[in-house]
Amino acid sequence: MDPDAVKSTLSNLAFGNVIAAAARDLQKEMVAKDKAQAAPASHDEVDFDELLDDPELEKLHAERIAALKKEAEKREVLKRQGHGEYREITEGDFLGEVTGSEKVICHFYHREFYRCKIMDKHLKALAPVYVGTKFVKLDAENAPFFVSKLAIKTLPCVIFFKKGIAVDRLVGFQDLGSKDDFSTRALENILKMKGIIDEKKKDDEDEDDESESKNRRIRSSTAQDSDSD
């Protein structure tokens, strides 16, 4: 065989092997690149699955459920004690009511006083929102003993009790700008400042805002229906 021909054949074979090797390397590189691009999505899925089975997350979830259950049970107990609504009590009920709860707001009122009716409206709105505090009212004319003992001179008079002890009071509308048109929010802020109602949580505020927005939509719809009639 011609030595040059043999040399040429070997050279071609070597070149072919190089090309084949290069092709295999390129293929491997492309496969590796595809895997690398797919890895983040796959990785995220694995992480999510791991989170679902994470014992720490399960523990936090169980603790949250237990806390919500405990809070619901507490609210039910308070409601059985007369919390969550604005109620009228008698002089005979008074001591039991103000000593039976940690925080109590008692409105001493007169049936014919316009400002007492204004205070009633705002306290009635706040009572179901702040279940941790008991809201009651007592006709001052029918409770002369406690009116005298508590030195009540001006109505409306809203007295705050903590563990059965009178700790503060609102006399008339002095702390509310001495105006009849104060808002429920203004009274709410004063009660918070005096520590007789608790600060609401963000979740509660969001729910109240959503509820108020829904009520506004209902009122608007009702008004439009009335106009069309």
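This talk walks through one predicted model, from the whole chain to its sheet, its helices and a few single residues.

Let me begin with the chain as a whole, since the later details hang on it. The secondary structure comes to 7 helices and 5 strands, and if we read from the N terminus on, the elements run α-α-β-α-β-α-β-α-β-β-α-α. Of the 229 residues of the chain, 26% count as buried, while the accessible surface comes to about 15,900 Å², of which 53% belongs to carbon and sulfur atoms. It also helps to know how the contacts are spread along the sequence: among those between residues at least 6 apart, 67% join residues at least 24 apart.

Now to the sheet. The 5 strands form an open sheet in the order β1-β3-β2-β4-β5, and the pairing in this sheet is mixed. The edge strands are β1, which covers residues 86-89, and β5, and each of these pairs on one side only. If we ignore direction, neighbouring strands of the sheet are turned against each other by 25 degrees on average.

Two of the pairings deserve a closer look, and both involve β4. On one side, strand β2, residues 103-109, pairs with β4 in the antiparallel sense over 6 bridges, and within this pairing Lys103 stands opposite Lys162 in β4. On the other hand, β4, residues 157-162, is joined by 6 bridges to β5, residues 165-171, and these two strands also run antiparallel. Here Cys157 stands opposite Val171 in β5. The hairpin of β4 and β5 has 2 residues between the strands, and in this hairpin Lys163 takes a positive phi near 55 degrees.

Let us move on to the helices that lie against this sheet. Helix α3, residues 91-99, packs on the sheet and touches β1, β2, β3 and β4, with a direction that makes about 130 degrees with that of β1. Helix α4, residues 114-126, lies across β1, β2, β3 and β4 as well, and α4 runs at about 155 degrees to β2.

A further helix to look at is α6. Its buried residues are Leu187, Glu188, Ile190, Leu191 and Lys192, so it is worth noting that this list, where buried means under 20% relative accessible area, includes a glutamate and a lysine. What covers the buried residues of α6 includes β2, α4, β4 and β5. Just after α6, Gly195 takes a positive phi of about 75 degrees.

Which residues does His122 touch, if we do not count those up to four places away in sequence? His122, whose place is in helix α4, touches Phe182, Ser183, Thr184 and Leu187. With a relative accessible area of 3%, His122 is buried, because the cut-off for that word is under 20%. Leu187, which is one of the residues that His122 touches, is also one of the buried residues of α6.

Is Lys179 buried or exposed? Its place is in the loop between β5 and α6, and its relative accessibility is 52%, so Lys179 counts as exposed, the cut-off being over 50%. Leaving aside its neighbours within four places in sequence, Lys179 is in contact with Arg115 and Phe173. Lys179 and Arg115 are 64 residues apart along the chain, yet their C-alpha atoms are separated by 9.7 Å.

I will finish with the aromatic residues. The structure holds 5 aromatic pairs. One of them is formed by Phe94 and Phe161, and this pair is edge-to-face, with 5.6 Å centre to centre and 75 degrees between the planes. The pair links distant parts of the chain, with Phe94 in helix α3 and Phe161 in strand β4, 67 residues apart. Phe94 counts as buried at 3% relative accessibility, and Phe161 is buried with a relative accessible area of 3%. Both belong to one aromatic cluster, which is formed by Phe94, Phe108, Phe145, Phe146 and Phe161.

One last ring brings in a charge: the charged end of Lys137 sits over the ring of Tyr109, 5.1 Å from its centre.

Notes
Residues are numbered from 1 along each chain as its sequence is written. This is a predicted model: local features need pLDDT of at least 70, side-chain atom pairs count only at pLDDT 80 or more; totals for chains, interfaces and linings use all residues. Side-chain values use heavy atoms; hydrogens and water are left out. Two strands pair if DSSP finds at least two bridges between them. Helices (H or I, at least four residues) and strands (E, at least two) are DSSP runs, numbered from the N terminus. Axes are lines fitted to C-alpha atoms, for helices over the stretch in contact, and angles run from 0 to 180 degrees between N-to-C directions. Contact means heavy atoms within 4.5 Å. Buried means under 20% relative accessible area, exposed over 50%, partly exposed in between (1.4 Å probe, protein chains only). Accessible areas come from the Shrake-Rupley method with a 1.4 Å probe; for residues, only the protein chains shown count as cover. Rings of Phe, Tyr and Trp (its six-membered ring) pair if their centres lie within 6.5 Å; planes under 30 degrees apart count as stacked, over 60 as edge-to-face and the rest as tilted. A charge sits over a ring if NZ of Lys or CZ of Arg is within 6 Å of the ring centre and within 35 degrees of the ring normal.
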